[in-house]
Every structure is written in structure tokens, then in C-alpha cells.
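Q: I have a sequence and a 3D model on screen. Can you show me how to read its features, one at a time?

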Amino acid sequence: MPKTFFGNAEILHNTPYEAISVLVDKTTTGTVIENGRTILKAGAILSGDGASIFADRTKKVKVETNPSEATYVDGILLYDVDVTEKDAVASLVYRGTLREDKIGSGTVDANVKSKLSHIQFVKGA
């Protein structure tokens, strides 16, 4: 039986996938409160704060607030992350096959898809 943390959504359609560790800024938008904790949910579209994390690994990531006009997008949050008390280390998927219905609001903007050319988005299971 699979274990879940804060009710994670399964965003992966299948394996293999590639992910990189990132530091999620605790001040990011798009969080929810669950059991009194501030959680950024799996499937969030993330970008480096001020520059891509692939160009500058010192950058923290935040939720992309304007996906249709983003100049860069770094990837998709793999698992829920708790940012209640501090910035949190998380896994950012940048290559693989993901379920589009589990990403963001359930659809992925064409601009985001073009920026994440190594991710195939599949509708449904």
C-alpha cells in the first residue's frame, strides 16, 4: 500500500522521470493550509525567483504566477512540501511523462508546455 504525505497527488503518468532538488521559498503563493500546516501541493508549476535554477543553483523557487507569459519555467513539484516554518527542500520534475489533470488547475498552458519541452503531459490516467 503506497504511503502519502499530506494527501499527495500522483502527478507521474509513468516512469522514468528526472528531478532535481530545489529550495522552495516559504513566501511563495499558491499554498494551502492542511492540519494547521502551510503546504505547497504537488503539481505546482515552479520557476526560479529572478532566474532559472538551471542557470543559477542558488535561486529559490516559487509558484509561477503568470504561466501564459512566463519567460522561463523550471519544472513541476513532485510531492507536497511543508513551508510552514521555513524554506523547504523539494523535488522538481524537469523530464518525464506527467498527468496534466494533476498539474496546477488541471490544464497546462501552452507557454508552460513550450518551456518544459522534456515533459510530456498526458490527460488522465
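A: Start with a single residue and its place in the fold. Pro16 sits in strand E1, which covers residues 12-24. Keep in mind throughout that this is a predicted model.

Q: Which peptide bond there is cis?

A: First the general idea. Most peptide bonds are trans. Here, the bond from Thr15 to Pro16 is cis, and its omega is near 5°.

Q: How much of the chain reaches a pLDDT of 70 or more?

A: Check confidence before reading details. The figure is 93% of the residues, and the chain's mean pLDDT is 92. Residues 1-6 fall below 50. That stretch has seven contacts in the model beyond near neighbours in sequence.

Q: What is the order of strands in the open sheet?

A: Read a sheet strand by strand, across the pairings. This one has three strands in the order E2-E3-E7, with antiparallel pairing. E2 and E7 each have a single partner strand, so they stand at the edges and one side of each is left without a neighbour in the sheet.

Q: How many bridges hold each pair?

A: Take the pairs in turn. E2 (residues 32-34) and E3 (residues 37-40) pair in the antiparallel sense over three bridges. E3 and E7 (residues 81-82) are also antiparallel, over two bridges.

Q: Which residues stand opposite each other?

A: Look across from one strand to the next. Val32 faces Ile39 in E3. Ile33 stands opposite Thr38 in E3. On the E7 side, Ile39 stands opposite Asp82.

Q: What links E2 to E3?

A: Look for the turn. The two strands form a hairpin with two residues between them. Asn35 is in that turn.

Q: What is the phi of Asn35, and is the residue buried or exposed?

A: The general idea comes first. Most residues other than glycine have a negative phi. Asn35 is not a glycine, yet its phi is positive, about 50°. Asn35 counts as exposed because its relative accessibility is 76%, and the cut-off for exposed is over 50%.

Q: Which residues make the most contacts inside the largest nonpolar core?

A: To read a core, find its best-connected members. This core has 16 residues. Those with the most contacts inside it are Ile11, Ile76, Leu98, Ile103, Leu116, Ile119 and Phe121. Strands E8 (88-99) and E9 (119-122) each supply at least two residues of the core. A second, separate core has 14 residues, including Ala44, Val81, Ala88 and Ala90.

Q: What is Ile76 in contact with?

A: Set aside neighbours within four places in sequence, then list the rest. Ile76 is in contact with Ile11, Leu98, Ile103, Leu116 and Ile119, among others. Its contacts also include Gly43, Ala44, Ile45, Ser91, Leu92 and Val93.

Q: Is Thr97 buried or exposed?

A: Use relative accessibility. Thr97 counts as buried because its value is 19%, and the cut-off for buried is under 20%. This residue belongs to strand E8.

Q: Which side chain does Thr97 join through a polar contact?

A: The partner is the side chain of Asn14, at 3.4 Å. Beyond neighbours within four places in sequence, Thr97 is also in contact with Leu12, His13, Gln120 and Val122.

Q: What does the side chain of Thr28 reach?

A: Side chains can meet backbone atoms as well. The side chain of Thr28 reaches the backbone nitrogen of Val63 at 2.8 Å. Thr28 lies in the loop between E1 and E2. At 6% relative accessibility, Thr28 counts as buried. Leaving out residues up to four places away in sequence, Thr28 touches Leu40, Lys62 and Val63.

Q: Where does Arg57 lie, and what does it touch?

A: Place the residue first, then list its partners. Arg57 is in the loop between strand E4 (45-48) and strand E5 (61-63). Its relative accessibility is 44%, so Arg57 counts as partly exposed. Not counting residues up to four places away in sequence, Arg57 touches Ile20, Ser21 and Val22. A polar atom of the Arg57 side chain lies 2.8 Å from the backbone oxygen of Ser21.

Q: How far apart are the C-alpha atoms of Arg57 and Ser47?

A: Compare spacing along the chain with spacing in space. These residues are 10 apart along the chain, and their C-alpha atoms are separated by 12 Å.

Methods. Residues numbered from 1 in each chain as written. Predicted model: local features only at pLDDT ≥ 70, side-chain atom pairs only at ≥ 80, totals over all residues. Heavy atoms only, no water. Core = buried A, V, L, I, M, F, W, Y, C linked by side-chain atoms within 4.5 Å. Buried < 20%, exposed > 50% of the residue type's maximum accessible area, 1.4 Å probe, protein only. Helix = DSSP H or I, 4+ residues; strand = E, 2+ residues; numbered from the N terminus. Contact = heavy atoms within 4.5 Å. Pairing = 2+ DSSP bridges. Polar contact = N/O pair within 3.5 Å; in protein donor to acceptor, adjacent residues only side chain to side chain. pLDDT = per-residue confidence, 0-100.
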